[in-house]
Amino acid sequence: MTVRQSIVFNGDLGSGKSTVSVEIAKRLGLRRVSVGDLYRQMAQERQMTALQLNLHAELDQAVDGYVDQLQRDIAASGESLVMDSRLAWHFFTDALKVHMITEPTEAARRVLARPSGPAESYTSLEEARAKLRERSESERSRFIVRYGVDKARLRNYDLVCDTTRADPEQVIAHVIDVYEGRLGADVLRAGQPLLLLDPTRVYPTEDVSTLRGLWDSEAAAEAAGSVGEPEPLSIGYTGEYFFVVDGHRRLSAAVRAGLPMVPARLVAEVEEPVVGGISAVDFFTAQARPGLIHDWEDAHGITLPLPEHALLGGGPVLAGEPGAGA
């Protein structure tokens, strides 16, 4: 078993990075360094909010320069540690690179519920969601311009965890299992990121009526992990939406079993081809029709927000769909 030297966490604001990284550092006996804490301290010293400091950093390279050099020095030291930083994956080579995501409204709820300081406070859920998005986009733009890297690209990471419905203990256990080689080793050896996704946030690309044996006990047991490590789904990603390329039966079983996360491998991202040279974005636009999505929702008792292409008329409205006969 090969254990990587360090674990570095990046991800959405409100995704649980701090909670998870603190506990993992304790359990593994490693030192933890939080760049987010450092930025909040810098913002407070300048009497700024965290968003204001991000916007200021777009003009003043000294802000990032100090933090960057700190991370380079830590990475070069060879110390095994846990790093909570939105850019550590760029500086560390011998590390498990973990990216945590969550549904934006859920992220805003979490941030709004936790104690706030002068560098980070919001008056409403809507304000929190808008400000978190603005901060994230500010960071993304700055990193693209300054470093030539896109933090939103999933192939930058080894492990992507959707924490929307997972509790911290579940996330912690999975990250440690991946770190110690007990989960997802085959996917990582193939050079692909391992995805642990909320099955209720993954879109279908096949009609639910065409799937045979969809809810049999064998599929449900496999999805629940009672027959060993489940076969990962094959997933495409548009940059906003995750969708199934192969594994609808296993995804359905995971939803029906109430699992908060299901393992998957990334086969195509944004402009990468899924099949026949068709990009992930174009494949999803062609396959994820409104009727197909509504049928999947009805069969599983879940709600999937209609993607923009479907809202703009990505396919005819069929009888029984919202909008029919209007």
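This is a short tutorial dialogue on reading helices, strands and cores in a predicted model.

Me: Let's start broad. How many helices and strands does the protein have, and what share of the residues is buried?
Reply: Keep in mind that this is a predicted model. The secondary structure comes to 14 helices and 12 strands. Of the 326 residues, 48% are buried. Among contacts with a separation of 6 or more, 74% link residues 24 or more positions apart.

Me: Okay, helix α1. What span should its 12 residues have?
Reply: Work it out at 1.5 Å a residue: α1, residues 17-28, should span 16 Å, and its end C-alpha atoms are 16 Å apart, so the two values agree.

Me: Which residues of α1 are buried?
Reply: Those are K17, V20, S21, I24 and A25. Look down the axis of α1 and they fall within an arc of 130°, so they line one face of the helix. The cover over them includes strands β1 (6-11), β2 (31-34), β3 (81-84) and β4 (95-101), plus helix α8 (168-179).

Me: And E23, where does that one sit?
Reply: E23 is in helix α1 too. Its relative accessibility is 25%, so E23 counts as partly exposed. Try a distance check as well: E23 and E169 are 146 residues apart in sequence, yet 9.1 Å apart in space, C-alpha to C-alpha.

Me: What follows α1?
Reply: G29 does, and its phi is positive, near 70°.

Me: Now the sheet. What is the order of its strands?
Reply: First the general idea: strands of a sheet pair through backbone hydrogen bonds, either parallel or antiparallel. Here you have an open sheet of 10 strands, in the order β2-β3-β1-β4-β5-β6-β10-β8-β9-β7, with mixed pairing. The edges are β2 and β7 (202-203), each of which pairs on one side only.

Me: How many bridges join β1 to β4?
Reply: There are 6, and the two strands run parallel. One spot to find is I7, whose bridge partner in β4 is L96. β1 also pairs with β3 in the parallel sense, over 3 bridges, and F9 stands opposite D84 in β3. Then β2 and β3 pair in the parallel sense over 4 bridges, with R31 opposite L81 in β3.

Me: Which way do the side chains of β3 point?
Reply: In a regular strand the side chains alternate between the two faces of the sheet. In β3, L81 and M83 point one way while V82 and D84 point the other way, and all of them are buried.

Me: How many residues does the largest nonpolar core have?
Reply: The general idea is that in soluble globular proteins, nonpolar side chains tend to be buried together. In this structure the largest nonpolar core has 52 residues, and M83, F92, L195, I235 and F242 have the most contacts inside it. The largest share of this core, 4 residues, comes from β10.

Me: What is F92 in contact with?
Reply: Leave aside the neighbours within four places in sequence, and F92 is in contact with S6, V8, Q71, I74, A75, L81, M83 and K97. There's also a second, separate core of 25 residues, which includes A25, V98, M100 and V178. You've met A25 already: it is one of the buried residues of α1.

Note on methods
Residues numbered from 1 in each chain as written. Predicted model: local features only at pLDDT ≥ 70, side-chain atom pairs only at ≥ 80, totals over all residues. Heavy atoms only, no water. Expected span 1.5 Å × (residues − 1). Buried < 20%, exposed > 50% of the residue type's maximum accessible area, 1.4 Å probe, protein only. Arc of directions from axis to C-beta. Contact = heavy atoms within 4.5 Å. Pairing = 2+ DSSP bridges. Core = buried A, V, L, I, M, F, W, Y, C linked by side-chain atoms within 4.5 Å.
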